[in-house]
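Please look over the structure below with its charged side chains in mind. The report that follows deals with salt bridges and with how accessible their partners are.

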Amino acid sequence: MLGFDTFLDCPGTASEQAGKAASCQGCPNQKLCASGAGKNPDPAIGEIGEKLSSVKHKILVLSGKGGVGKSTFSAQLARALASDVTKEVALLDVDICGPSIPRIMGLEGEQESSVHQSGNGWSPVYVEDNLAIMSIGFLLSSPDDAVIWRGPKKNGMIKQFLRDVDWGELDYLIVDTPPGTSDEHLSIVQYLSSTHVDGAVIITTPQEVSMQDVRKEIRFCQKVKLPIIGVVENMSSFVCPKCKNTSQIFPPTSGGAEKMCADLNLTLLGKLPLDPRIAQSCDEGRPFLREVPDSPAAEVYHTIVQSKAMPIFYFFLWALLQWVGGGQQ
Amino acid sequence: MAEAGDGNLALVKHVVLVLSGKGGVGKSTITTELALAFKHAGKKVGILDVDLCGPSIPRMLCVGRPDVHQCDSGWVPVYTDAQKSLALMSIGFLMEDPDEAVIWRGPKKTAMIAQLVSDVAWGELDVLLVDTPPGTSDEHLAVLENLRKHRVDGAVLVTTPQAVSTGDVRREITFCKKTGVRILGIVENMSGFVCPHCTECTNIFSKGGGEELAKLTGSVFLGSVPLDPLLSASVEEGRDFAESFPNSATFSSISSISQVLLKSLEND
């Protein structure tokens with residue numbers, strides 16, 4: 001039986017010691033690492049770098065915890081950005097086992113026939129003229145299809161999404177991820193490593209059970225040197241539609257995201273309340289921000305998108321200065 | 001019945017996986033509450049937490065960060081009580097720094113799960129519950145491969161009422177069918193929120209999805225558990241919800257689900 005410490009002492013697949021260190025004994029990858037396979041960078045990294053070099057902003061939406069609202073947030077963010085019709089926005093869903101984006105964007109049923117192949121690669125599915133979506137959900141022929149893939153196959157799919165989809169010229173690429181700190185997360189960071197990534201928006205809910213996983217995700221970002229744009233606390237509170245009293249369904253027993261951000265010197269981008277109309281919109285694939293603009297949650301979304309911490313702010317400022325400068329010539 | 005050559009699982013009568021295609025639906029919460037319900041029914045229970053990236057079980061059962069000892073047969077599980085009626089194993093016990101991320105690709109996760117399944121000296125158990133991460137990937141395949149020699153009674157699938165959730169759970173049901181795992185039933189969690197101020201019930205995460213999913217897939221609907229801040233607070237603080245709130249509607253739902261499940265296991 002291997003001691004647990006063995007797993008922690010992995011020298012890393014790209015290290016000189018890969019496959020040769022004492023801690024490599026018994027590891028299923030030992031032979032592969034010892035052969036030097038891990039050291040050669042994947043040529044796709046360079047190809048992806050070239051292809052996505054013109055994308056002005058790339059934002060990853062992460063959380064160590066499942067079910068906190070990553071896909072919901074990614075979808076609202078993408079729609080908010082695309083509300084400026086002069087901007088080209090793309091939303092890439094790399095949750096291979098549980099792709100939610102097609103349903104949330106009202107594209108359920110847009111299966112194989114909508115993802116065409118051309119000389120330029122796969123065409124994404126457009127939900128607006130300037131909002132493109134790609135998800136494995138579009139490649140499955142039935143809502144019951146399970147994607148029972150191990151890590152390497154999932155990594156291959158992510159590589160294809162980045163390299164082979166004909167995204168066109170983009171202003172924003174938003175990437176929705178599954179929970180965890182595993183293959184999908186390592187792959188997306190690795191394959192984007194030769195491009196500029198603005199950073200990650202981390203989603204949490206107020207309870208410690210969520211935040212203990214989110215702190216691990218923050219460590220992951222630090223380890224792979226991915227900047228953290230900020231943290232969004234979702235499902236912060238609930239206002240009863242009948243009596244208007246506020247309840248905290250997911251109690252912030254250890255201070256919630258506010259305390260975590262203060263402790264870790266991170267920006268708290270906003271606290272989104274629970275609103276049953278959000279779940280409903282997501283289920284029905286309808287745009288929440290457009291249909292329920294007076295929801296307290298909608299107001300918080302707008303605050304988040306316009307926050308100075310978001311790379312979008314600086315781009316607006318840059319664009320405004322360019323316009324002002326151009327007008328004065 | 002366990003077969004000879006099962007090693008550490010030889011004296012485990014029933015193995016139940018707790019699955020969901022979707023994250024955050026309450027797999028760990030339901031696993032914890034079922035385990036406590038079985039324990040209160042006089043059963044010897046174990047929980048194996050194979051969520052390597054986000055292990056929640058240690059916190060939910062308030063066992064702190066004890067050392068894990070080794071014996072001749074492997075790792076000794078962590079017991080929640082002196083009577084040893086609830087035994088736990090989680091990667092959470094094996095990390096020195098609780099905030100340290102487990103940033104592993106599939107093959108390493110697979111190897112760790114092989115150890116977690118085979119090398120814990122469970123001893124005699126009536127039920128071993130296996131709490132899983134969301135998805136249909138390395139962890140799930142690894143658990144099933146390593147339980148091949150031992151009988152798996154089946155899986156409980158947890159969902160919330162929303163279509164976004166049931167949409168993923170449908171895929172998990174396909175996973176079960178493809179891998180020959182019997183579906184013991186579906187639990188719908190976060191099923192309506194009753195305002196503590198005015199008792200109005202709001203369906204924050206929609207309504208009815210769990211029952212519809214059960215009908216659609218020909219599965220047993222085990223029951224629904226409401227969205228209850230008292231339950232959230234209990235699992236946050238690692239308190240026994242059954243002991244704290246035995247008269248609540250939430251406890252009544254959980255109790256009923258656990259009884260149906262136990263009956264189904266014992267009649268098999």
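At 29% relative accessibility, R150(A) is partly exposed, a class lying between buried (under 20% relative accessible area) and exposed (over 50%), computed with a 1.4 Å probe on protein chains only. Its partner E145(B) is likewise classed as partly exposed, at 34%. The two side chains form a salt bridge, defined as a side-chain nitrogen of Lys or Arg within 4 Å of a carboxyl oxygen of Asp or Glu. This contact crosses between chains, running from the loop between strand 6 (131-135) and helix 6 (151-164) of chain A to helix 4 (residues 138-146) of chain B; helices (H or I, at least four residues) and strands (E, at least two) are DSSP runs numbered from the N terminus.

The model is predicted, with local features requiring pLDDT of at least 70 and side-chain atom pairs pLDDT 80 or more, whereas totals for chains, interfaces and linings use all residues. Residues are numbered from 1 along each chain as its sequence is written, chains are lettered from A in the order in which they are written, and side-chain values use heavy atoms, without hydrogens and water.

| Salt bridge | N to O distance |
|---|---|
| R150(A) and E145(B) | 2.5 Å |
| E139(B) and K109(B) | 2.9 Å |
| R79(A) and E128(A) | 3.3 Å |

Within chain B, E139(B) belongs to helix 4 and K109(B) to helix 3 (residues 106-118), so their salt bridge ties together parts 30 residues apart in sequence; both residues are buried. In chain A, R79(A) is buried at 12%, while E128(A) is partly exposed at 27%.

A network of salt bridges links R219(A), K223(A), D97(B) and E100(B), and the search of the whole structure finds 28 salt bridges over all chains.
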